[in-house]
Every structure is written in C-alpha cells, then in structure tokens.
Amino acid sequence: MAVVGCLGEIVFQVSDETVKTINNMQWSGSVRFATHQRHLQNALTEFCGVDPDKMSFEITLMEELGVDPMVELVQLWTYERAGEALPLVIGEKPYGKYRWTILNHKMTAKYHDYKGNVSCVAVAVNLQEYLER
C-alpha cells in the first residue's frame with residue numbers, strides 16, 4: 001500500500017485493494033490592506049496583515065475501488081461540524097503552518113448500485129488554515 005497523504009484520520013492511499021486520492025488541489029493565500037482617504041491628496045494604503053490560507057481539492061470515492069463512500073462522507077461531515085483542526089499531509093510534506101479546518105464540502109453522486117445506494121461520489125472539499133495561538 002502506498003500512502004499518498006492524509007487529512008486527520010482520512011488517509012489518501014493507493015493499493016491493489018483501495019484507491020482514494022485527491023485531484024485538482026488548489027492552495028491560495030491573500031493579505032489585507034486598508035485604504036485611508038486623504039483630503040486633496042492620494043489615498044494612503046497600509047498593510048494590515050495576512051489572511052488564513054485556503055486549500056481546495058476533490059476526492060473521488062468509489063466502491064469498486066475499495067472505498068465505502070458513505071463512511072468517508074460521514075468522517076468528513078464529523079470533522080466539519082465539530083470544527084476540528086486537522087493536519088494535512090500530502091506526499092512527505094505537511095501543508096500549512098499548523099492545521100486546517102473544513103469550511104465546507106460539496107458531494108456529487110456519480111453512480112448508484114442496483115438498490116439505489118450511492119456507489120461513487122465526487123467530493124469537493126474547502127479548507128482554511130488554522131493557526132496555533
């Protein structure tokens with residue numbers, strides 16, 4: 001088994017029995033500036049600080065690839081609703097300065113089995129950096 005990374009206890013992995021990896025990862029950051037209007041002069045800008053980084057990616061969860069989509073979705077929902085700060089590791093690199101929280105997710109059901117159960121989903125996950133105090 002090759003572990004590709006993890007978000008908390010959700011392990012991204014590839015083996016002969018299981019495929020659970022991330023796609024379309026995007027990492028973004030931004031800063032804040034204030035603009036002070038001055039009478040009869042150019043406005044003055046002031047650097048005010050750094051916003052928390054954001055990260056987004058998609059996860060495909062497919063029963064045929066050894067993953068129970070609903071079990072994985074419940075784990076994501078649990079982390080999101082608890083506001084739990086999670087470590088994010090992809091490859092051998094931990095991302096961010098400390099941890100990440102799940103801001104939101106969007107699940108798209110791709111396939112259902114003959115009983116109507118979801119057998120394949122694509123989940124878009126949005127994270128925000130969570131810094132140590």
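Two strands count as paired here if DSSP finds at least two bridges between them. With that criterion, this predicted model can be described through one sheet and the helix that lies across part of the sheet.

**The sheet**

Five strands make up an open sheet, ordered E3-E2-E1-E8-E9, with antiparallel pairing. Strand E3 (19-20) and strand E9 (93-94) are at the edges and have a single partner strand each, so one side of each is left without a neighbour in the sheet.

**Pairings of E1 and E2**

Strand E1 covers residues 2-7 and strand E8 covers residues 88-90, while strand E2 covers 10-14. The table lists three of the pairings, with one residue pair for each.

| Strands | Bridges | Direction | Residue pair |
|---|---|---|---|
| E1 and E8 | Three bridges | antiparallel | Leu7 and Leu88 |
| E1 and E2 | Five bridges | antiparallel | Val3 and Gln13 |
| E2 and E3 | Two bridges | antiparallel | Val14 and Val19 |

Strand E1 is thus bridged to E8 and also to E2. Strand E2 is in turn bridged to E3.

**The hairpins**

E1 and E2 form a hairpin with two residues between the strands. In this hairpin, Gly8 adopts a positive phi near 60 degrees. A hairpin is also formed by E2 and E3, where four residues stand between the strands.

**The helix**

Helix H1 spans residues 69-82 and lies across E1, E2 and E3. The helix runs at about 145 degrees to E2. Among the strands that H1 lies across is E3, which is one of the edge strands of the sheet.

Technical notes: Residues numbered from 1 in each chain as written. Predicted model: local features only at pLDDT ≥ 70, side-chain atom pairs only at ≥ 80, totals over all residues. Heavy atoms only, no water. Contact = heavy atoms within 4.5 Å. Axes fitted to C-alpha atoms, helices over the stretch in contact; angles between N-to-C directions.
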